[in-house]
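Work through the exercises below with the sequence and the structure at hand. Try each task before reading its solution.

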Amino acid sequence: MSRSQLQDRKYEIIVVGGGHAGCEASLAASRLGCKTLLLTMNLDTIAFMSCNPAVGGLAKGQLVKEIDALGGEMGKNTDATAIQFRRLNMAKGAAVRSSRAQVDRQAYRLKMKEVLEKQENLELKQALVEEILVDENKVAGVKTSIGEKFCAQAVIITPGTFLNGLIHIGLTNFPAGRMGDSPAIKLSDNLKQLGFRIGRFKTGTCPRLDGKTIDFSKLKIQQGDDIPFPFSFTTKQVTRFQLPCYITYTNSKTHQIIREGLDRSPLYTGIIKGTGVRYCPSIEDKVMKFPERERHQIFLEPEGVNTPEVYPNGLATSLPIDIQFRMLRSIEGLEKVEIMRPGYAIEHDYVDPTELQPTLETKLIKNLYFCGQINGTTGYEEAAAQGLIGGINAVLKIKNRPPFILDRSEAYIGVLIDDLVTKGTKEPYRMFTSRAEYRLILREDNVDLRLTEKAYGIGLIGEMRYQEVESKKRAIENELARLKEAKIFPDSKTNEKFSELGWVALRSPVSLAELLRRPGVSYSDLKFFDKRSGEVPLEVSEQAEIQIRYEGYIKHQEQEIEKFKKLENRKIPAEIDYQEIVGLSNEVREKLSKMRPDSLGRASRISGVTPAAIAILMVHMKRMGR
């Protein structure tokens, strides 16, 4: 190969893996102006959904919207290919509401592939990466299974479940990244050789059913929302045809069949060694761990518009195929069902995420980034969020710009990454609203208001979108001020309407904001007393209602965030020697030396590091002049 050809094989950034993390990482890097190469084992399975064909859900919906506000692609791609939209927890408080969408599995994959192929500064190549090239403790590129070498200033590894993947169906097991795809075994070996601490996790998926053999007439139908609520703030309207899902249940016969098959279950015979997903257990786990439950709910989700394949959400299993078959046929509506693809469990390697900086750069090798399930997470959304942050920070690093780090008070993405790099994980990590202590501030509805300016500062969104959000902010501020000033008075006509609505009569004038704080009063009710309320755009009125209704709680949480920021902004010197700090226990010294937290806030969240230890550390830093 000539010198000029070798020069052409040099890139600024290489992304390894074409799953959800790899897609967001490569798009972020290329959109920020870096010459980027995406290497994946199969170009036809880019952004393929290995498990259920859905995006979002509780807390995961917040992640998708944050990805969108930061200039990522997942939300847009979901809106373009979704076949059912639902907003969850709408009867509950604003802090825990989340969006979820069923998508057309094949349409999602093809749409994302199209976006990647059309992206400027981005090249796609099919290759199996087996080795990370390192030069003097700094990444230099990668080497493939056929001996190709690609050089880069930064490398982002996003292998998903392919890292030394092993599939289990009953007592049969075989190496695979997912059903039908080869694993990345040598890359896992290479990571061990480089000195990374490797662990083993297990996840699983459901059998896929032939919808032509399901009796839907016996089942309860579950429609999506009447008015689809898109994920992306740039999607003005959803026009795609929507499909229903269906609900059925397991029963005592189903449970008996499952118990009869446990002697051939890789999970219950001890063949599977990896730790499974606590909050997404297999059906055999549900039956054995909750024997008092007479039935378990199953959602039958369509895989797409032009396929009969159905995903039975809630029936993840690694039982033998004959037990899967009998189990399914014992369920109402599935008496004659045929299996198109069997359910299975998959074990895969992961790297201890405490070996990462908050930027997702590894501590061991400079300019090497890990994103997605390699960090011990589970879920498309968690992977995509990491990929976006990894891609951004890889660019900022090689351009000598400050890193982009979201803290716990700014985004669910900040919570996700902080949990991983500070606390690590002993089981596959999944995002929940309960993990976010400032969730009333980090709502799904205000993501664009929180993060668009940050994305604009990085360069991932343009001037027009930024100005749209700024205009929205001003409109909300103006409406909040108007609602606090505008009053209604206790005349006969007003109280007659109050009585009609079932409200307590007015005795003195109240502002519209005070009225809105009353239980049972919504913003849409204001139009009966205030003509202008009926003319306010939904995105503005929704924000006004939430901010007024939860004003006291929001102020309290903002005060908590101020306290949090004081510790978070106290940076710990990189050169600090914890062994010389008098008063720290050996355990605390060991943990701080191993984790090397970058701030007092992050140090305080390390398991075993006490408030007293933080106080000692603060005194020591003061003596250092910090």
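Two strands pair if DSSP finds at least two bridges between them. The model used here is predicted.

**Exercise 1.** Find which strands pair with β15, and in which sense.

Solution.
1. Locate strand β15, which covers residues 245-249.
2. Take strand β14 (residues 220-222): 3 bridges join β14 to β15, and the sense is antiparallel. Because at least two bridges are needed, β14 and β15 count as a pair.
3. Within this pairing, Tyr246 of β15 has Ile221 opposite.
4. Take strand β16 (residues 297-302): β16 is also antiparallel to β15, with 4 bridges.
5. Here Gln297 of β16 lies opposite Tyr249.

**Exercise 2.** Decide whether β15 is mostly covered or mostly open.

Solution.
1. A residue is buried if its relative accessible area is under 20%.
2. In β15, 4 of the 5 residues are buried, so by this cut-off the strand is mostly covered.

**Exercise 3.** Describe the two largest cavities by volume and lining.

Solution.
1. The structure contains 3 cavities of 30 Å³ or more.
2. The largest has a volume of about 90 Å³, and the second largest about 70 Å³.
3. Sort the lining of the largest cavity by class: 6 nonpolar, 2 polar and 4 charged residues. Among them are Leu356, Lys363 and Thr422.
4. Do likewise for the second largest cavity: 7 nonpolar, 1 polar and 3 charged. Its lining includes Phe404, Gly414 and Asp418.
5. Helix α11 (residues 412-423) contributes the most to this second lining, with 4 residues.
6. Look for shared residues: Pro358 and Arg602 appear in the linings of both cavities.

How values were computed
Residues numbered from 1 in each chain as written. Predicted model: local features only at pLDDT ≥ 70, side-chain atom pairs only at ≥ 80, totals over all residues. Heavy atoms only, no water. 1 Å grid on protein atoms, 1.4 Å probe; cavity = no way out; pocket = protein on both sides within 12 Å on 5 of 7 lines; lining within 4 Å. Points joined across faces, edges and corners; volume = space filled by probe spheres on them. Nonpolar A, V, L, I, M, F, W, Y, C, P; charged D, E, K, R; others polar. Helix = DSSP H or I, 4+ residues; strand = E, 2+ residues; numbered from the N terminus. Buried < 20%, exposed > 50% of the residue type's maximum accessible area, 1.4 Å probe, protein only.
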